[in-house]
Amino acid sequence: MDKSKKIIVVLTFTLFCVLAGITIYRWVRFGTIDGGSIFFSFIALAYFVNSLTWGTPEGAEEKDELDKHIESQSAKIGYFVLMILSGLILFISEGVYELNDIKNYPLLIVVGLTFVTLPITEFVYSRKYK
């Protein structure tokens, strides 16, 4: 990794730390959770991880076969991890273990959509080649 890429990694990490620090400070000091700060902290974290992985915050520019394989495998694994985590968040935030007791219907719909997104996407994409 050349010097400019190292600087980008340090800057994106610093941005993430500042945003996460502000979020934590507001939570501890004022007892409020700011959705915008959390959201932008995650975006900064994504840029940081992209910088570590590809050397640029936007991701790989010129992709060879290995880069394409890494992206496709990590996307599928990330999809299943997100599906599991969204289900856990649903049950933990609701404090219930039965689907009939859940009152947060928008989050329940999002969790349900995680189960059908991959099959629908694969179906549509397979039609492109048939």
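**Note on a salt bridge, a pocket and a nonpolar patch**

1. Asp 34 is partly exposed, having a relative accessible area of 29%, and this, like every value that follows, comes from a predicted model. Asp 34 forms a salt bridge with Arg 26, and the closest N and O atoms of the pair lie 2.7 Å apart. Arg 26 is likewise partly exposed, with a relative accessible area of 33%. The structure holds one salt bridge, so a reader who wishes to inspect this kind of contact can go straight to Asp 34 and Arg 26.

2. The largest pocket has a volume of about 330 Å³, and its lining is made up of Leu 45, Ala 46, Val 49, Asn 50, Thr 53, Trp 54 and Ile 70. Helix α2, which covers residues 35-54, supplies the largest share of that lining, namely six residues. Sorted by class, the lining of the largest pocket contains five nonpolar and two polar residues, with no charged residues.

3. A nonpolar patch of about 810 Å² is found on the surface, where Tyr 105, Ile 109, Leu 113, Phe 115, Val 116, Ile 120, Phe 123 and Val 124 make it up. One of these residues, Val 116, sits in helix α4, which runs over residues 105-129. Val 116 is partly exposed, with a relative accessible area of 37%, and it therefore passes the requirement of over 30% relative accessible area that is set for patch residues.

How values were computed. Residues numbered from 1 in each chain as written. Predicted model: local features only at pLDDT ≥ 70, side-chain atom pairs only at ≥ 80, totals over all residues. Heavy atoms only, no water. Patch = residues over 30% accessible without salt bridge, like charges linked within 9 Å, V, L, I, M, F, W, Y side chains within 5 Å. Areas by Shrake-Rupley, 256 points an atom, 1.4 Å probe, with all protein chains shown as cover. Salt bridge = Lys/Arg side-chain N within 4 Å of Asp/Glu carboxyl O. Helix = DSSP H or I, 4+ residues; strand = E, 2+ residues; numbered from the N terminus. Buried < 20%, exposed > 50% of the residue type's maximum accessible area, 1.4 Å probe, protein only. 1 Å grid on protein atoms, 1.4 Å probe; cavity = no way out; pocket = protein on both sides within 12 Å on 5 of 7 lines; lining within 4 Å. Points joined across faces, edges and corners; volume = space filled by probe spheres on them. Nonpolar A, V, L, I, M, F, W, Y, C, P; charged D, E, K, R; others polar.
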